[in-house]
Structures are given as C-alpha cells and as structure tokens.
Amino acid sequence: MSLIESAKRTVERAVQEGAYQAEVTVFSLREALTRYTKNVIHQNSASRDYGVTLKVVVDRNKVGAAAVNSLDEKAIRSGLEEALKIAKLSRPDPDFKSLPEPRTIAPLRGSFYRETADYTPEEMAGGVKTVIETTLDYDRNVKWSAGSFTTSTGRLAIANSLGVEAEGEFSEASIDVITRAQSIGSEGSGFRVKRSRNVKELDFRAVALDAAKDAVDSMDPKQIPLGEYEAVFRPEAVSTFIGFLSSLGFSATVYQRGQSFLRGRLGTQLFDEKLTILDNGRDLATLAPSAFDGEGVPKRALMLVNGGIPENLCYDTYTALKEGKESTGHATRFGRGFGMPMPTNQVISPGDDSMDDLVKDVRRGVLVTRLHYVNAIRGDLGIISGMTSDGMWFIENGEIKHAAQQMRFTDSVLRVFRNLDALGNKSTVERASSCTTPAIKTALFRFTGQTEF
Amino acid sequence: MSEELAELGLGVASKLGATYADTRFVDNERRSVGVRDGKPERLSHSTGSGFGVRVIAKGGWGFAGSRDITADEVKRTVELAVKIAGASALTAKGEVKLADTPMSKGSYETPVKKDPMKVPLEEILDLLISADGAFREKSSHARTTSGEVEARKEDKYIATSEGSKIRQKIVFCGASGQGIVMKNGMPQRRSYTTNYRTMGYENIEEVDLAQAAREAATEAEALLEAEPCPTEVKMDLIMDDWQLGLQIHESIGHGSELDRVLGHEVDMAGMSFLTLDKRNKFRYGSELVSFVADATAEGGLGTFGYDDEGVHAKKAYLIKEGILVGYQSSRETAAEIGDKESSGAMRADSPLHLPLVRMTNINLLPGDWKSDEIIEETKEGILMRGEKMWSIDQMRLNFQFGTEAGWLIKNGEITKMVRDPTYTGISYEFWGSVDAIAKDGWTIHGTTGCGKGRPGQSMYVGHGCSRTRFKNVRVGVTGRL
C-alpha cells in the first residue's frame, strides 16, 4: 500500500471510531552517513526508518496525538486507539478551530533526485577519500581533515478528514570538511560545506581545496582586543543569524505568546533597507523545496522582510485560525503534530559586491567563516551570544592583515541587520536556517570574550 | 524473539567475515503530557522498535539499522553493515582495536514503584493544570505558562560476537513547568521542576509541584521589579541548582569525553582542550574539586546496568582533587590511548543510531561546607539560579551562561534580586577558583536533551552537585546596546 493510501485509510478509520477530525502523516526515510576524522572513516552507517503520526480531535476541540515507528496495520491501529484515548481524556482547547481545509497543491518537480537515493556506501567512502587526498596534497602544513558526508531520501504523505491529500519525495546530500593545518606552535582551521538535493552535484575536490586554503591561511592566529568591529560574515555565518531572526521573530507562535522581537514592529523600518527576505517553499534554489507543509497546506511565497521592513509572520492552521487568518503554509514537517510554524525556505536578496569588495570596504574589522554554539540571551531584544569558528581574519584598511584567534560575541541580531552595509553578490544554500544567502558586511559587531585558539 | 534474531545476525556477520559484531534490539515508549495557559497541549504517546548492527570487517566499521524486525531484514541489514565496513576500509590505516571487556550475561532494570506509563492521563493533567493555575494565581503579569510531564521506557537486548547477552530496561520521568511574565514590554521567565530521574512516577509524586510553581511565580513577579544584573564586574558566584549541573555538563562532561579529545566529533560539536598529555598532570580545578563519572548512582538519569557495548556500569574519577585523571570512553577510544578498559559510556538514543561516548552521571563530589555558611561567608557575590542561555567554544574553554534570576550578596547576606544575570569565563580558571562546596543539598540533576553526534542524537544524563562558590567571576555580559 502506498504511504498516501495508508494515511487515507487510517483517517477513515479514525472518523469511523468517533474522531471529529483526524490527520495522519506517514513517512519513510533512508539515511546514510560517512563520517571521518584525522583522515580515517570512523563512523559509517545507514538506516531505514519510517513512521506514522496520528492527530485526532474529538468533541470539536479536544486533541490527542500518537506516533508509531511502524507501517504495520496492527501497530497503526494501536497508535490510533492511543490517540483517541488521549483526545477523549483531554480537555477542550478553545484555540483549536479546525484542521486545514483542502486546497489545490500544484505539483513540484525537482525536490527528489534518484541519484541521491541510489548512491552506494562505496561511492560515499570514495567521495571522502577524494576529500582527504585533495586536502593532504594542498600544502605540507595541512595535516588532517574531518567531516561528514550524508545522504537522505524519503517520502512523506499527509491526509486529513477534511479532504487534504498530499504526498511528495525529497532528497538531500551534504559534505562538510574541517581541515587543520599545523606547524610548530601554530595551527589553522578551515571549514567548508556543500549541500544539494542531487549528490552528483557535490564537488568534493572544490570543497576540500577551499577548506585547505583557509586552514593554511588561518595559521598563526593573533588575539585581537575585545570591542566593536566591522565584520564580514560568510554565508554559513549569516545563516546562523537568519536562523535566530526566524525563531525569535517570525513564528506566529512566538509572536502570539508576546515573545517575538517583532511585537509592535511589523511594518516598521527595523532593518537596513538593503535587507529583503522572501520565504518561498517552492523555490528550487533553496535546499528543501516542497509543494506542501507539514499539514498538507500548499507552500507559497511569503515576504518576510521587504527593504528592511518586516511584513509577515509564518502561520500554521492553529495559529492562523486563532487570529481568523489563513495558514501561510509553514506548519512544521515531522513535528509529530505539535510543531511551531517557522520559515523554511528563506532567500536573502543578494547585493552587488564580491567577497573582495566586502573586505575592501572594511576599515578595521574581521572576516568570519562561521559561528559556533550560539544561543539567545534576550529573545525579545534579539540578543545572542556564541563563538566564531574555523577561520577568522583581522582586516585593516581593506586588507586582510593576519589570522585572528576565535572570539566570543554578544550582540543583537537586530543590530547586525540594522547596520547592514552591504551584501555579497553570490548566494549559497545553507542548512542551518534553511536559507539561501550571500555573505554580508555589517558596520558594528561586538566581541565580548577571548579564548585560547 | 530478539535473542534468536540477534544470534542470526551475529552468525551472518561472522560468515561474511566480520571480526566483531554486536546487535541491539530496542523497544522505546515515550509519553508526553503538556499544558499551556491552563489547557492541554502536546498530549502524545509514541512507540518505536528497531535494531542496529555494528560490525568490524576488513579493518573498518560498519553500522546499519532498521525498523523491520524480521529474519530477512536482519540478514539484509547485517549484509549492508558488512558492506559499509568494507567501504570504510578504503581509508583505514590499520586494524580497529577494542579494549577488552569481560563477557556479560545479565540483566538490569530501573527500580520502579509506579509505572509512569500507567498513571491515568486525568491524574497527570490535574497535576499540571493545578501547578499552572498556582503560577497564575501568584503572578498577575503571567503572559504564558506551561508545564510538562515526560516519561520514557527503553527495553533493550544486546548481544555481541564475544558472547555478551544483556537485557536492560530503563525507565525515567519527571515534571517541569515555567511561566513567562511581562511588564512594560519586558519578559522574564522562571521555571520549576521535580527533576528528571531514572525512577517511576514516584519521582513526580515526591514533589509538591503546585508549591514549586507558586515559588517560581513569586520570583518571576519580583524579577519584573528587579534591577538589571550589574554589568562587567567581577564578584564571587554561587550556584546550587540545575544551572550548576549545566555548567558541569558543558565544561566537565563534554570536555572529558574521549571521542571529542581524539577528534571524533570535531565536525559537529568540536574537540576538547583536555588533551592526552594533560592526564594526571593538568590542574582543572582547585583541590576541593573532584568529579566522578558514575553510572551506578541511584536515580541518576545516566544510571544503567550496561552500556551499549555490553560494558558493565562503572564509577570512576575524571578529576581528583583538581587534577584531570580520566576520560569517558568507549572500547575503541580506550584502546586507542592504551587504557585497559572502557569507562562504559557508549549509548545510542535509537536503534537506528550508532552508540557514542555519552555522559553518565558526571558528579561533583560534595565538600565540607554547610550551604548557609557559603552565603554567610561571602563578602561580595551573586547567587544565580535557573538556566536560560548557554554557550561554550569548541574546545570547551570559553563559556558564557545566562540565568533566570540572580541575588546579590553583600557581607554574608542576600541583599536584592537582579534580572538577566550572565557570567563568563575560561573553564579551568573557573573551576580553579572554587573555594567552597557544600556537603548538604547534594542532588543529581537530570537533563533529557544532551545533543551530540551525526545524525543528531539526544541523550539523558545526570549531574550531581551541591552549592558551590566560584571566586572572582566576570559577571554581567549582556551585549545590550
């Protein structure tokens, strides 16, 4: 039986057994990982997973959910019984109005590549071997490389008792590389990642060379003083900021709870006018395009920030109906029935500057590769703290002067984009916040702590 | 049935040339009951079964997992694991070596008085709604309140090609809640919990959750009137709740994981400054500071009978009187550094995932101070409670934490509450500054969400500690502009 048939049949059964409404999500997932460190594969795995999430409503607004990691009819029935039992014993939720009504879902081609599904363990190990060999050949100071090569492919089907039916396939592959260069008393680290839905599009040599170059170029880092700097952030670092913009600001759930930094600021010039963010779940330029969201609501383009002005929030059906609105198609996938609506496919409009141009504009600042272990201190103010990671350089009068030791920053992500000086002209797909973004330059960034490497 | 399938899998692995194999069959059950603003939210129950097979063949590691527990799928999965091991061999530099471990044939079960899966849903909802209401009664500025009971069961059968056969059943549960209050656009948060422990529902019943909620609400209201934490000052820092557990987690726990030290996690969470040359030499803490990794501690979230390599639960020093003396390890990482045995720390969060070196209960041993005396003998300091923000660099050196609430201490007395407290430091300097640890109030705090590995795994671990004072800590790094 196909996944969608399984979902529909379970929905019918739920209604027969007394559910006022029901939603069933069925997924199958195959994942493979080849992980290596110090030039040797140390973790190499593959798995086949699948599962069913059942969300049922009784008495108009009493909701229960259950999940089983099995496609077996008996297990699904047992899960349904459990979900119904929970819903009946639950209490009314006055904010629950309805599951989504069916809407036309336009087909979307290009979210799945057979090449990724068919990739073999030998091919994955071969890709890693290419990375390792390319890395070691780059420079005598390059000592080792580490990273992960992953592939995942799957199918997702959603049906509900109001007539929603949605089914789609997806694929994703990624290779990330950390490379260390070492000589007496000196170490440098480079990082690069490439992601694509089609594993055949990953260029192992290119990613290895870029990481190796950064490793060598970041050797002998010098500590720089605490304080405020101009900063150029590569796309991987920018994606972390975008992730915090999403989670702290643009989810309707966070907004409705009064915790969003956008409270009272929608429609105002909150960011520099050069910032434009469009969330478009159907955009094949993003990493995980889809025709529908986690409730089977069609994906569509939603302007989040237009010329620096935040315009829209992301809604799922629950949060939308609470305000008498329509879902924007941002229900979480695999949220087991209770996720929070979030931007999923953000595209940051690029600027005109090359990476060299961005650096040339810096009077006194830094070039940052990526950020590590970032967390929010005050979400309502957008204040976050974290570390820079894997390659940072000090810039003076438009020239990279030397590698810099990693630093701790504590700053507001709102300020980063309020002081946006320029955006790069080349975007890359970054997974950290499901966004496609160029590098950026910001006029002010606050470093508050030092470390020893 | 899992015993027969395990034997089948081990037999197939051997026939295909594997020099080592283990199989792990797991049944998981998870119950989550939540409330938000006085009404149910996130009521769910989930079950999952599956198995994973790990092999060494041709000098490389291979792992495969599946949800289909049938003989045919076991054969297919073992064949795939051996094939993957063959692919790993493409970069191998020598044989994989494993530290010896005695063959184990045994079982372990978390002592449980009241099965948390069988407690009526109405009873749990009543508990949570009552606590939620108690918070709101005490807080006129409550914006959103929430609470949750979570219970999990993990039933596991492990068999290895070396003859170990182990059955283990772990049960844990706990309840927690929080309220976000708001005044003049400023939100503040205060949380409460029963703690999460490997116990039955009696763990939750031991605590008056509604009273805990009332106390949290009172403090949340006070935070709305409190002054901001002083910025960029140095003072003594005192901690005594889960926040201290989190500090231990990030700086001691992750820092002493041997796989991190050896670079196995460098592409995800990073490495550790506790390099091998520092063992038995490096002063990580003051002489008062001793840590053990203890998988045998009663009720800890990191308490079990055997790890996923079949190594019996152990208790061993990581730091003794301030000196780094040991690491948390697996059989492979232990062998790599010449240790005779694994510390017994390998656990996976799913049958479809590889076991990794995970914390057990990383416990700061109690000192000889009385808790009250630590406050009374502090000239200028701050007591911080309630985890709010955490961050640490990839070598586990520079950290920064934010907490829900702080109380300034002057000449031995708590003078006033402050909001948005933060502190920062370098791990070994921070632990080196400890000058007082209480002998009373020692508790193993549990967290259910320790993230590590690829694909990301979430593990339950414990951290025992009592009130502790750190000297001359940098406090108040807010980034507010």
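This passage describes the predicted two-chain model, from the single chains to their interface and shared core.

Residues are numbered from 1 along each chain as its sequence is written, and chains are lettered from A, with ligands numbered from 1, in the order in which they are written. Because the model is predicted, local features need pLDDT of at least 70 and side-chain atom pairs count only at pLDDT 80 or more, whereas totals for chains, interfaces and linings use all residues. The model scores ipTM 0.95 and pTM 0.96. For chain B, the average pLDDT (the predictor's confidence in each residue, from 0 to 100) is 97, and 99% of the residues score at least 70.

Chain A contains 10 helices and 19 strands; helices (H or I, at least four residues) and strands (E, at least two) are DSSP runs, numbered from the N terminus. The radius of gyration of chain A is 24 Å, close to the 22 Å that the globule rule gives for 453 residues, so chain A is as compact as a globular protein of that length. This radius is taken over C-alpha atoms, and the globule rule is 2.2 Å times the number of residues to the power 0.38. The C-alpha trace of chain A spans about 70 × 55 × 35 Å along its principal axes. Of its 453 residues, 57% count as buried, a residue being buried if 20 or more other C-beta atoms lie within 10 Å of its own, exposed if 12 or fewer, and partly exposed in between, with C-beta atoms placed from the backbone. Among contacts in chain A between residues at least 6 apart in sequence, 73% join residues at least 24 apart; two residues are in contact if their C-beta atoms, placed from the backbone, lie within 7 Å.

Chain B comprises 10 helices and 23 strands. Its radius of gyration, 24 Å, agrees with the value near 23 Å expected of a compact globule with 481 residues. The C-alpha atoms of chain B fill a box of roughly 70 × 55 × 40 Å, taken along the principal axes. Buried residues make up 63% of the 481 in chain B. Of the contacts in chain B between residues at least 6 apart in sequence, 76% join residues at least 24 apart.

Within chain B, an open sheet of 4 strands has the order S12-S11-S10-S15, with antiparallel pairing; two strands pair if DSSP finds at least two bridges between them. The edge strands, each pairing on one side only, are S12 (323-324) and S15 (362-364) of chain B. Strands S10 (residues 291-294) and S11 (residues 315-320) of chain B pair in the antiparallel sense over 4 bridges, and B:Ala293 stands opposite B:Ala316 in S11(B).

At the interface, 63 residues of chain B are in contact with 76 residues of chain A. Strand S2 (residues 39-57) of chain B gives the most to the side of chain B that touches chain A, with 11 residues. This side divides into 26 nonpolar, 25 polar and 12 charged residues, where Ala, Val, Leu, Ile, Met, Phe, Trp, Tyr, Cys and Pro count as nonpolar, Asp, Glu, Lys and Arg as charged, and the others, Gly among them, as polar. Strand S2 (residues 40-58) of chain A runs parallel to strand S3 (residues 60-66) of chain B, joined by 4 bridges; A:Ala46 has B:Ala64 as its bridge partner in S3(B).

The largest nonpolar core (buried Ala, Val, Leu, Ile, Met, Phe, Trp, Tyr and Cys residues joined through C-beta atoms within 7 Å) holds 263 residues, of which A:Val56, A:Val366, B:Val55, B:Ala81, B:Ala213 and B:Leu237 touch the most other members. Strand S6 (residues 165-183) of chain B gives the most to this core, with 9 residues.
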